[in-house]
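Here is a walk through one protein model and the ligand it holds. Have the viewer open as you read, and click along.

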Amino acid sequence: MLVRLMYASRAVATVDQDALIAILRKSQANNPGAGITGVLCFSEGVFLQVLEGGRSAVNRLYHRIATDPRHDDVELLCYEEIGERRFAGWSMGQVNLSRLNPALLLKYSERPVLDPYAVSGRVSMSLFEELMATASIVGQP
Ligand code: FAD
């Protein structure tokens, strides 16, 4: 039984590029053993992450992430049972922010900023799918 979960959160002040890299490394180390795949986007203090995998594994990881002191305002945006993964190619891919251009953001929202709190989960998922289609997600398998 596979599920896909997406949430948004706000980084605490101390999260910088090094902290982001540490989170990605930890994800890439832990996720394959748990059968988790997904993508993490970090822009202007906001995280947006998709997790895919077995229902129990995704739920366990989400609860661990939600209590992580490096972020707060963790808000569940989407949770669905799925027949197949969309982000199977990444233990935890990272959005290449240089591809997150204003035109792409404007396509899905009122202003050219990444604000998953202001749009529907479906819109944020469409943004991820477009980033994947345009090869804007990088990272290890
Ligand atoms: P350890 O790394 O040994 O950590 C032990 C404890 O220390 C945990 O409670 C951990 O939260 C805490 N900790 C570790 N480093 C720090 C730090 N720098 N500051 C504060 N507390 C710290 N983990 C994954 O496995 N997969 C993911 O996809 C994933 N995505 C994440 C996305 C975001 C936005 C954030 C903020 C964290 C994410 N994490 C992810 C990290 C997750 O929250 C846990 O910290 C991690 O899974 C714990 O790994 P571990 O069991 O190997 O314990």
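What follows covers the ligand site, one helix, some strand residues and a pair of unusual backbone angles.

## Ground rules

This is a predicted model, in which local features need pLDDT of at least 70 and side-chain atom pairs count only at pLDDT 80 or more, while totals for chains, interfaces and linings use all residues. Residues are numbered from 1 along each chain as its sequence is written, and side-chain values use heavy atoms, with hydrogens and water left out.

## Around the ligand

Start with the ligand, which has 17 residues around it. A residue is near a molecule if one of its heavy atoms lies within 4 Å of it. The closest are Lys 26, Ser 27, Asn 31, Arg 64 and Asp 68. Sort the shell by residue type and you get 8 nonpolar, 5 polar and 4 charged. Here Ala, Val, Leu, Ile, Met, Phe, Trp, Tyr, Cys and Pro count as nonpolar, Asp, Glu, Lys and Arg as charged, and the others, Gly among them, as polar.

Which elements supply at least two residues each of that shell? They are α1 (17–34), β3 (46–54) and α2 (55–66), and α1 gives the most, with 5 residues. Helices (H or I, at least four residues) and strands (E, at least two) are DSSP runs, numbered from the N terminus.

## Polar contacts and cover

Now zoom in on the polar contacts, meaning pairs of N or O atoms within 3.5 Å; within protein, one must be able to donate a hydrogen and the other to accept it, and residues adjacent in sequence count only if both atoms are side-chain atoms. A ligand nitrogen is 2.8 Å from an N or O atom in the side chain of Asn 31. Ligand oxygen shows up in two pairings: one at 3.1 Å from a side-chain N or O of Asn 30, and one at 2.9 Å from a side-chain N or O of Arg 64. Taken alone, the ligand exposes 910 Å², and the protein buries 65% of that. Those areas come from the Shrake-Rupley method with a 1.4 Å probe; for residues, only the protein chains shown count as cover.

## Helix α4

Helix α4 runs over residues 121–133, 13 residues in total. From first C-alpha to last it reaches 18 Å, close to the 18 Å expected at 1.5 Å a residue; the expected span is 1.5 Å times one less than the number of residues. Its buried residues are Gly 121, Val 123, Ser 124, Met 125, Leu 127, Phe 128 and Leu 131. Buried means under 20% relative accessible area, exposed over 50%, and partly exposed in between (1.4 Å probe, protein chains only). An α-helix has 3.6 residues a turn, so residues three or four places apart point the same way.

After α4 comes Ala 135, with a positive phi near 55°.

## Buried residues in the strands

Is Arg 4, in strand β1 (residues 2–11), buried or exposed? Arg 4 is buried, because its relative accessible area is 2%. Its side chain reaches the backbone oxygen of Glu 84 at 3.3 Å. Beyond residues up to four places away in sequence, Arg 4 touches a list that includes Val 50, Tyr 79, Glu 84, Phe 87 and Met 125, where contact means heavy atoms within 4.5 Å. Ala 8 is in β1 as well, and is buried at 0% relative accessibility. Leaving aside neighbours within four places, the contacts of Ala 8 include Phe 47, Asp 73 and Tyr 117.

Phe 47 belongs to β3 and is buried at 3%. Among its contacts outside four places in sequence are Ala 8, Leu 20, Ile 23, Leu 40 and His 71. Ser 43 lies in β2 and is buried too, at 12%; leaving aside neighbours within four places, Ser 43 meets Leu 97, Leu 100 and Leu 114.

## Positive phi

Most residues other than glycine have a negative phi, and most peptide bonds are trans. Glu 44 is not a glycine, yet has a positive phi of about 45°. Glu 44 sits in the loop between β2 (37–43) and β3 and counts as exposed, at 74% relative accessibility.

Asp 73 also has a positive phi, about 50°, and is not a glycine. Asp 73 is in strand β4 (residues 71–82) and counts as partly exposed, at 44%.
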